[in-house]
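Trainee: I should like to learn how to read helix packing in a structural model. Could we work through an example together?

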Amino acid sequence: MMVGSLYLEQLSDADLGLLASAADARDDVGRDPARLEALIDSPATFRQLFSTPGRDPLLRGTPFLIFAVLIHRVVRDLSQASFVEEWVGPRQRVPVFDTAGLKDFGADPLRRFFLVQLLASYTNVASGSMLVKTSRGWRRRRFSELDPMRLIELAELVPEPERPSVYRRLGDLSLFLTGIFPDYAAERLVAERERRGLERALGPADREQAEGRDGIWLLEQLGRRAYRIARHGADREAPMAGVLADVSQNFAVARRVLNFLTDRYLYPTRHQWFGTD
């Protein structure tokens with residue numbers, strides 16, 4: 001499947017109309033999926049969405065289109081960057097001149113699509129409760145897609161065929177928090193009472209190294225393991241199956257790409273767009 005077909009499944013008719021308008025195209029751009037990435041990557045599309053101060057781009061396009069344009073813009077920026085301001089701790093950045101890994105990661109169309117899909121999914125997160133049978137009878141357990149401990153608990157409770165999808169979401173959450181809210185993930189996410197639960201969800205080798213590590217390290221290791229489990233349980237022929245393995249192996253690189261995106265484009269609007277307050 002061409003990656004353009006994956007984009008076409010996610011874009012609304014209004015999104016396609018906006019892309020056509022930005023390119024001054026007179027035909028139906030949805031009839032040619034091969035053109036979609038080029039239109040999303042176009043500087044004209046970026047200007048149409050982001051050039052008016054004070055106008056929220058989410059009023060013009062779906063979250064998927066907005067993040068598709070931003071991810072492509074970031075990849076374009078990285079291709080021209082000789083260094084990046086690297087996140088090394090809360091409110092701390094240092095210049096790093098090794099940008100090859102970031103450029104390589106963003107060069108792959110399926111990896112770009114993966115990041116777009118991940119970001120768009122966190123503009124509308126799920127939470128709720130489910131009934132679980134325990135030794136004391138049925139109990140109601142809450143879950144939230146923004147709480148790693150609740151997702152870990154959910155993965156242990158759902159039937160085995162459903163576990164890969166929960167682990168996929170746990171990997172997504174680990175990448176989202178470390179990429180978009182790194183200061184929060186490092187300092188405030190992992191309360192001491194939850195730390196042991198997160199450590200227990202790591203592999204044996206990582207548990208031995210967990211002492212004294214911050215939330216970023218814990219979530220990186222957790223995300224790598226979660227994606228690896230999700231990959232083993234996924235349909236090997238599915239278009240995104242290989243990307244899960246790539247992100248598991250290159251989790252820190254994917255996180256750095258999202259840190260770059262956050263610092264350059266998302267910082268003023270991220271709480272509003274993702275509704276995390």
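Mentor: We shall go from the whole chain to one helix and then to a pair of helices. Please bear in mind that this is a predicted model.

Trainee: How many helices and strands are there in the chain?

Mentor: The chain holds 16 helices and 4 strands. Of its 277 residues, 48% count as buried. Among contacts between residues at least 6 apart in sequence, 64% join residues at least 24 apart.

Trainee: Which residues are buried in helix H1?

Mentor: Helix H1 spans residues 3–10, and Val3, Gly4, Leu6 and Tyr7 are buried there. Viewed down the axis of H1, these buried residues fall within an arc of 155°, so they line one face of the helix.

Trainee: What covers the buried residues of H1?

Mentor: The cover includes helix H3 (36–41), helix H5 (63–80) and helix H7 (109–121).

Trainee: What describes two packed helices?

Mentor: One gives the angle between their axes and the distance between the axes. Here, the axes of helix H9 (residues 163–180) and helix H15 (residues 251–266) come within 7 Å and cross at roughly 45°. Angles from 35 to 65 degrees count as oblique, and H9 and H15 are therefore oblique to each other. Their crossing is right-handed.

Trainee: Which residues of H9 and H15 meet?

Mentor: From H9 come Gly171, Ser174, Leu175, Thr178, Gly179 and Ile180; they meet Phe251, Ala254, Arg255, Leu258, Asn259, Thr262 and Leu266 of H15. The residues of this contact divide into 6 nonpolar, 6 polar and 1 charged.

How values were computed: Residues are numbered from 1 along each chain as its sequence is written. This is a predicted model: local features need pLDDT of at least 70, side-chain atom pairs count only at pLDDT 80 or more; totals for chains, interfaces and linings use all residues. Side-chain values use heavy atoms; hydrogens and water are left out. Buried means under 20% relative accessible area, exposed over 50%, partly exposed in between (1.4 Å probe, protein chains only). Helices (H or I, at least four residues) and strands (E, at least two) are DSSP runs, numbered from the N terminus. The arc is that of the directions from the helix axis to the C-beta atoms. Contact means heavy atoms within 4.5 Å. Axes are lines fitted to C-alpha atoms, for helices over the stretch in contact, and angles run from 0 to 180 degrees between N-to-C directions. Angles under 35 degrees count as roughly parallel, over 145 as roughly antiparallel, 65 to 115 as roughly perpendicular and the rest as oblique. A crossing is left-handed if the near helix is turned anticlockwise from the far one by less than a right angle, and right-handed if clockwise. Ala, Val, Leu, Ile, Met, Phe, Trp, Tyr, Cys and Pro count as nonpolar, Asp, Glu, Lys and Arg as charged, and the others, Gly among them, as polar.
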